[in-house]
Amino acid sequence: MNENALYKLLGNYPIIAAVKDDIGLEKCIESESRIVFVLYGSINNISDIVFKLKKADKIVFVHADLIDGLANREASIDFLNNTIKPDGIISTKLSLIKHAKSLGMLTVMRFFVIDSRAMENIRHCDLKQYADFIEILPGLMPKIINKVSKLTKKPIIAGGMIDEKEDVVTALSNGAVAISSTNTGVWFL
């Protein structure tokens, strides 16, 4: 799958199931969400988690920063790409995003937008050729979603603290192409 195909898929399935534990994994498989962000696991079980999701015909992104036993190094991305084979990775580390992109993986750069300094970091980050998508947290900031979208010219995923249909609609109507949520109720909207 490439960036354009994923973008098109998000148009039909804009709710991304963000899975943080085994209970969420089971519920996610039952949901209509086609895209899954894996936010947990270790080097001992990440292969099983990804396999289970792929078997359920899900598009899988692994948050490389959150997998126990992986270092924030390029070798971790090599391990994920060569052994685990997710469709893409999520990271807050530009070096990992750059390396994943060089391997042909889909990439989501995650930013915590908590103040004006965070906005400056986004402005100065070289995202044009590396990040396919940007995820901003918290996702309950319509004005910021719009600003980041214009600033980066990248598709925005709004995540964090989204737990009602109104939150989803607001984020999508203000420039987000999708939302990610660990709230299992949102997955079934």
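This is a tour of a predicted model, stop by stop, with a selection to make at each one.

**Stop 1: the barrel**

Select the strands β1 to β8. Eight strands close into a barrel, in the order β1-β2-β3-β4-β5-β6-β7-β8, and their pairing is parallel. From one strand to the next, the twist averages 25°. The next stops take some of the strand pairs in turn.

**Stop 2: β2 and β3**

Select residues 35-38, strand β2, together with residues 59-63, strand β3. The two strands run parallel and are joined by four bridges. To find the register, pick Phe37, whose bridge partner in β3 is Phe61.

Now keep β3 alone and colour its residues by accessibility. How many of the residues of β3 are buried? Five of its five are, so by the cut-off of under 20% relative accessible area the strand counts as mostly covered. One side of β3 carries Ile59, Phe61 and His63, the other carries Val60 and Val62, and both faces are covered.

**Stop 3: β4 and β5**

Move to β4, residues 88-91, and strand β5, residues 106-112. Four bridges pair β4 with β5 in the parallel sense. Show Ser91 and Met109 here: Ser91 stands opposite Met109 in β5.

Before leaving this part of the chain, step back to Lys85, in the loop between α4 (74-84) and β4. The phi angle of Lys85 is near 60°, a positive value in a residue other than glycine.

**Stop 4: β6 and β7**

Select strand β6, residues 133-137, and strand β7, residues 156-159. These strands run parallel, with three bridges joining them. Ile136 has Ala158 of β7 as its bridge partner.

Which residues lie on each side of β7? Ile156 and Ala158 are on one side, Ile157 and Gly159 are on the other, and all of them are buried. Both faces of β7 are therefore covered, with buried meaning under 20% relative accessible area.

Continue past β6 into the loop between β6 and α7 (142-152), where Pro138 is found. Display the backbone from Leu137 to Pro138: the peptide bond between them is cis, with omega near -5°.

On the other side of α7, select Lys153, in the loop between α7 and β7. Phi of Lys153 is near 60°, again a positive value in a residue other than glycine. Is Lys153 buried or exposed? Lys153 is exposed, because its relative accessible area is 70% and the threshold is over 50%.

**Stop 5: α2 against α3**

Turn to the helices. Two packed helices are described by the angle between their axes and the distance between the axes. Select helix α2, residues 22-30, and helix α3, residues 46-55. They pack at an angle of about 15°, and their axes are 10 Å apart. The angle makes α2 roughly parallel to α3, because it falls under 35 degrees. The crossing of α2 past α3 is right-handed.

For the contact itself, show Leu25, Glu26, Cys28 and Ile29 from α2, with Ile49, Lys52 and Leu53 from α3. By class, these contact residues are five nonpolar, no polar and two charged.

**Stop 6: α6 against α7**

Select helix α6, residues 116-124, and bring back α7. The pair packs at an angle of about 25°, with axes 10 Å apart. That angle makes α6 roughly parallel to α7. The crossing of α6 and α7 is right-handed.

On the α6 side the contact holds Met119, Ile122 and Arg123, and these meet Ile144, Lys147, Val148, Leu151 and Thr152 of α7. The contact divides into five nonpolar, one polar and two charged residues.

**Stop 7: α8 over the strands**

Finish with helix α8, residues 165-173. Which strands does α8 lie across? It lies across β1 (15-19), β7 and β8 (176-181), and it runs at about 150° to β8.

Pick Leu172 in helix α8. Leu172 is partly exposed, with a relative accessible area of 28%. Leaving aside residues up to four places away in sequence, Leu172 touches Pro14, Val177, Ala178 and Ile179. As a last check, draw a C-alpha to C-alpha distance from Leu172 to Ala158: the two are 14 residues apart in sequence and 8.4 Å apart in space. Ala158 is the bridge partner of Ile136 from the stop on β6 and β7.

Conventions. Residues are numbered from 1 along each chain as its sequence is written. This is a predicted model: local features need pLDDT of at least 70, side-chain atom pairs count only at pLDDT 80 or more; totals for chains, interfaces and linings use all residues. Side-chain values use heavy atoms; hydrogens and water are left out. Axes are lines fitted to C-alpha atoms, for helices over the stretch in contact, and angles run from 0 to 180 degrees between N-to-C directions. Angles under 35 degrees count as roughly parallel, over 145 as roughly antiparallel, 65 to 115 as roughly perpendicular and the rest as oblique. A crossing is left-handed if the near helix is turned anticlockwise from the far one by less than a right angle, and right-handed if clockwise. Contact means heavy atoms within 4.5 Å. Ala, Val, Leu, Ile, Met, Phe, Trp, Tyr, Cys and Pro count as nonpolar, Asp, Glu, Lys and Arg as charged, and the others, Gly among them, as polar. Buried means under 20% relative accessible area, exposed over 50%, partly exposed in between (1.4 Å probe, protein chains only). Two strands pair if DSSP finds at least two bridges between them.
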